[in-house]
Amino acid sequence: MRQDNRKQNLKSQYRINEQIRVREVRVVGEDGSSVMPTREALDIARQQGVDLVEISPNAEPPVCRIIDYSKFLYQQKKKAKEMKQKQVKVEVKEIRFGPQTDDHDYNFKLKHAKEFLEEGNKVRAYVFFRGRSILFKEQGEVLLLRFANDLEEYGKVEQMPRLEGKKMFLFIAPKKVGQAKKSQQKMDRERREAEAAEAGKQSVADEAPQNGGLAENAKGFEALAKLREGIED
């Protein structure tokens, strides 16, 4: 029944033959187009054993095709199906962290987030705070800001870290194709920063091993302002 309704709706979109009541029409075909009286176009359609189909009623004059109506409906249905198949379905992929996620787990999730964004999907990253860990929400914010900074070549932040209940969310949308390519200068700068950060992280870890989660994930609370500034730019 539903299929019959769709077919009937498609038919009702177009006027054919005597339903076309304007004085003249523009008839388009493989050889181009020409304006002629509607009566003349109808005579041509009858001689060929097909129909006069109005395909653009709002044009001046309305645009028509001389074609078998059943064939025309089939073509329109096929085009609609192909367009639907070509439409990219954007999904929202979730990435979950703990407030003290270690580097190995962080890099693993970062890799998946890059893949999601390259495929055209959005990423919703969040930190889940269990029990008293909610007291260290700044730690989760720094982690999410670091995550957004590491993905700046692949996505754009849609929503900065925001706490909702026991979860802090960050939303990242994919960039357009071709925007993820880094310049050589930027890659060199990032390499130097990574080397410096690694050395600093090792120093912090040696001095304060009890704060390892924070040192590994956020490279210190002093990184918060820098990361926030980089994302907002």
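**Figure 1. Helix 5 lies across four strands.** In this predicted model, helix 5 covers residues 137–150 and lies across strand 5, strand 6, strand 7 and strand 8. Its direction is about 10° from that of strand 8. Helix 4, made of residues 103–118, lies across these strands too: strand 5, strand 6, strand 7 and strand 8 (167–174). Compare helix 4 with strand 5 and you get an angle of about 170°.

**Figure 2. Here is the open sheet built from four strands.** Read across the sheet and the strand order is 5-6-8-7, with mixed pairing. At the edges sit strand 5 (92–97) and strand 7 (155–164), each pairing on one side only. On average, neighbouring strands in this sheet are turned by 15° against each other, direction ignored. For a closer look, pick strand 5 and strand 6 (residues 122–128): they pair in the parallel sense, over six bridges. One pair to find is V92 and its bridge partner K122, which belongs to strand 6.

**Figure 3. Helix 4 and helix 5 cross each other at roughly 45°.** Two packed helices are described by the angle between their axes and the distance between the axes. Here the axes of helix 4 and helix 5 come within 11 Å. With a crossing of roughly 45°, helix 4 and helix 5 are therefore oblique to each other. As for handedness, the crossing of this pair, helix 4 and helix 5, is right-handed. Want to see who meets whom? On the helix 4 side, look for D103, Y106, K109, L110, A113 and K114. Their counterparts in helix 5 are L143, R146, F147 and D150.

**Figure 4. Q159 is a buried residue in strand 7.** The relative accessible area of Q159 is 18%, and buried means under 20%, so Q159 counts as buried. Its side chain makes a polar contact with the side chain of R162, at 3.3 Å. Leave aside the neighbours within four places in sequence, and Q159 is in contact with E164, F169, L170 and F171.

**Figure 5. Strand 1 pairs with strand 2 and with strand 4.** Strand 1 (residues 24–29) and strand 2 (residues 32–37) run antiparallel and are joined by six bridges. Together, strand 1 and strand 2 make a hairpin, with two residues between them. To find your way along the hairpin, look for V27, which stands opposite S34 in strand 2. Strand 1 is also joined to strand 4 (residues 63–67), this time by three bridges and in a parallel run. There, V28 stands opposite R65 in strand 4.

**Figure 6. R46 sits in helix 2 and is partly exposed.** Helix 2 spans residues 38–48, and R46 is one of them. R46 has a relative accessibility of 44%, so it counts as partly exposed. Setting aside neighbours within four places in sequence, R46 is in contact with E18 and R39. I66 is 20 residues away from R46 along the chain, and the C-alpha atoms of the two are separated by 9.4 Å.

**Figure 7. Step back to the whole chain, with eight helices and eight strands.** The chain has 233 residues, and 33% of them count as buried. Now take contacts between residues at least 6 apart in sequence: 61% of these join residues at least 24 apart.

How values were computed. Residues numbered from 1 in each chain as written. Predicted model: local features only at pLDDT ≥ 70, side-chain atom pairs only at ≥ 80, totals over all residues. Heavy atoms only, no water. Pairing = 2+ DSSP bridges. Axes fitted to C-alpha atoms, helices over the stretch in contact; angles between N-to-C directions. Contact = heavy atoms within 4.5 Å. Buried < 20%, exposed > 50% of the residue type's maximum accessible area, 1.4 Å probe, protein only. Polar contact = N/O pair within 3.5 Å; in protein donor to acceptor, adjacent residues only side chain to side chain. Parallel < 35°, antiparallel > 145°, perpendicular 65-115°, else oblique. Left-handed = near helix turned anticlockwise from the far one by under 90°.
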